[in-house]
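Subject: A structure for you to look at

Hello,

Here is the structure I promised to pass on to you. Have a look at it first, and then read on for what turned up in it.

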Amino acid sequence: MLNAMQSSLRLDAQWVDYLLIAVYFVFVLGIGVMAKRSVSSSIDFFLSGRSLPAWVTGLAFVSANLGAVEIVGMSANGASYGLPTMHYFWIGAVPAMLFLGVVMMPFYYGSKVRSVPEFMRKRFGTGAHLVNAISFAVAQLLIAGINLYLLASIVEVLLGWSLHVSLIVAAAIVLTYTALGGLSAAIYNEVLQFFVIVAALLPLTLVGLHKVGGWDGLKTKVSDSPGGAEQLSSWPGTALSGFDSPVLSVIGIVFGLGFVLSFGYWTTNFVEVQRAMASDSMSAAQRAPILGAFPKMFIPFIVVIPGMIAAVAVNELVDLKGGADNGAEYNDSILYLMRDLLPNGMLGVAIAGLLASFMAGMAANISAFNTVFSYDLWQQYFKKDEPDEHYTKVGRWATVAATVIAIGTAQVAASYTNIMDYLQTLFGFFNAPLFATFILGMFWKRMSATAGWVGLVAGTGSAVLVWVLSEDVTGQIALAGQGAAFVAAGVAFVVDVVISIAVSLFTAPRKESELRGLVYSLTPKKDFHDPSEPTLPWFQQPTKLAAIGLVAVIALNVIFW
């Protein structure tokens, strides 16, 4: 991770930079205070009263994912692997976001559930619900630790404070506005943070391209560097997948990343779905991930490209890529580029952008955690019939507890030199088996409640087994890059499906009359559409917007083939 003790990474911030950062934090905390005024019920605190327009939830949808992992992890991948990193966006995100908007959001929004685990309880009962709620809560605490660690690392680099002090200060800021205003504070800050992040990374990308001689100059320098021309083509991406065979690499990326990991994350991860569920209508809820898909497909140009520039323009990373053991790390790419290229003033904006991305990611994890803990664990299994304000209070205390725990899980993230390795491992554990259970139960009415929780446990266990056998642990499965995570996700998905089918054949299914709104074939078509949709202009109709998005992402894949 970031080695903030290295003097070479110290950012030469001046008073104008600190002033810009201070102004940004005033806005962040001010939004939290203002949002608190609109919190009068638990639905207000956890789901913004389901009152937000599509453009707000759409930007929050993509911004919640534009956290530390996205900025640091993808720039690190760009430095390490080059253009194959685009797969995380064009194969590993956009198609699933469009699918979520068109197919799955009607189930979530129409059923009036307050969380993804609650949908699982309605479909499969308390067994699958409890497994899903606990695993999701654990995953959010671990991922929040990633965002918090990187946020604290930036504070350490900027101010020279110790890491422990930086962790506490960074956590306190996120805790303050999230505990005050709940999801509304998180969402409105995510909208602000989206624009701050773009304002930070776009100039950095343009200045970096100018330094290396434009796009043609970058291609020439990358071709002459270790990794060579392979890093200028997105396919077959053998270095990224870890497979020597181009055919196996394509299969691994498409199935492991593009299908299992991507659909598992974007369609069942409550961190993202929660933003869409806060929309003011079913049509708006459908449009939220679809609208988010459009900026998502262009974000790699200001995240991945800077990583590629850093790998050929920053001396420490050039030496690292050449095989030198100089203490530099690819996760430092953005910081090195900021240090070398940005003048004061612009540096302040860039630092604020990084801080914004890390806070957006952590706040998204914390706000999703407090909802699942309060509704799916506390209310369901401990205190069922308390007054509504009780659950709002529990949510605020859960926010405090999650922030404290994230300070501890931040230390786990420190052991990974490429944060994407860690994140993809977690997704293989938690998201891949959940997606298998979810998609099978949604389209196969015969799947039983017992199969729901047994499949989840079996799928998660198989992913953990692959991780134990991977190169970093025992060496039984030797795959470089993120190949082991792709394999773990694929195995988890297949095992979950096979076990779920087998168990369903020997256990009783639920009555069909109980599955309306939960199983596709048993739900009337009118339940899947907003009654007002036919009267909306074409650019507000989810299906037409999704078709445009699909054409655009296919075009990007062809252009950068």
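Let me start with one pair of charged residues: the side chains of Lys219 and Asp216 meet in a salt bridge, with 3.9 Å from N to O. The two residues are three apart in helix α10 (residues 214-223), so about one helical turn separates them. Lys219 counts as partly exposed because its relative accessibility is 32%. Asp216, in contrast, has a relative accessible area of 55%, so Asp216 is exposed. Please keep in mind throughout that this is a predicted model.

Other salt bridges

The count of salt bridges comes to six. In general, side chains of opposite charge can pair when their charged atoms come close. Another of these bridges joins Glu316 and Arg339, whose closest N and O atoms are 3.1 Å apart. This pair links distant parts of the chain: Glu316 sits in helix α16 (residues 315-321) and Arg339 in helix α17 (residues 333-341), 23 residues apart. With a relative accessible area of 24%, Arg339 is partly exposed. Asp340 comes into the picture as well, since a network of salt bridges links Glu316, Arg339 and Asp340.

Arg510 and Glu514 form a salt bridge too, and here the closest N and O atoms are 3.2 Å apart. Both partners have some access to the outside: Arg510 is partly exposed at a relative accessible area of 24%, and Glu514 is partly exposed at 38%.

The chain as a whole

Stepping back, what is the secondary structure of the protein chain? It comes to 23 helices and zero strands. The chain has 561 residues, and buried residues make up 61% of them. Among the contacts with a separation of 6 or more, 82% are between residues 24 or more positions apart. The accessible surface comes to about 19900 Å², and carbon and sulfur atoms account for 68% of that surface.

The inside

The largest nonpolar core has 174 residues, and the members that touch the most others are Tyr108, Met338 and Ile351. Helix α8 (residues 126-159) gives this core its largest share, 18 residues. If you would like to follow one core member, take Met338: leaving out residues up to four places away in sequence, Met338 touches Leu11, Leu204, Leu347, Ala350, Ile351 and Leu354.

Tyr108 also appears among the aromatic residues, where ring pairs link Phe107, Tyr108, Phe119, Phe438, Phe443 and Tyr520 into a cluster. The structure holds 21 aromatic pairs. One of them is made by Trp90 and Phe560, a tilted pair with 5.5 Å from centre to centre and 45° between the planes. The pair links distant parts of the chain, with Trp90 in helix α5 (residues 87-90) and Phe560 in the segment after α23 (542-559), 470 residues apart. Trp90 has a relative accessible area of 1%, so Trp90 is buried.

Is Lys296 buried or exposed? Lys296 lies in helix α14 (residues 282-298). Its relative accessibility is 2%, and the cut-off for buried is under 20%, so Lys296 counts as buried. Setting aside neighbours within four places in sequence, Lys296 is in contact with Val62, Asn65, Glu70, Phe89, Ala93, Val94, Met97 and Trp266.

The outside

On the surface, Val247, Leu248, Ile251, Phe255, Val494 and Val498 make a nonpolar patch of about 520 Å². Two elements, α12 (246-268) and α22 (483-505), each give two or more residues to the patch. Helix α12 contributes the most, with four residues. Ile251 is in helix α12, and its relative accessibility of 48% is why Ile251 counts as partly exposed.

One last residue to find is Thr126, in helix α8. Thr126 is partly exposed, with a relative accessible area of 43%. Which residues does Thr126 touch, not counting those up to four places away in sequence? They are Gln380 and Tyr381. Thr126 and Tyr381 are 255 residues apart along the chain, while 9.6 Å separates their C-alpha atoms.

Enjoy exploring it, and do write back with any questions.

Best wishes

How values were computed
Residues numbered from 1 in each chain as written. Predicted model: local features only at pLDDT ≥ 70, side-chain atom pairs only at ≥ 80, totals over all residues. Heavy atoms only, no water. Buried < 20%, exposed > 50% of the residue type's maximum accessible area, 1.4 Å probe, protein only. Contact = heavy atoms within 4.5 Å. Areas by Shrake-Rupley, 256 points an atom, 1.4 Å probe, with all protein chains shown as cover. Patch = residues over 30% accessible without salt bridge, like charges linked within 9 Å, V, L, I, M, F, W, Y side chains within 5 Å. Salt bridge = Lys/Arg side-chain N within 4 Å of Asp/Glu carboxyl O. Phe/Tyr/Trp six-rings, centres within 6.5 Å; stacked < 30°, edge-to-face > 60°. Core = buried A, V, L, I, M, F, W, Y, C linked by side-chain atoms within 4.5 Å.
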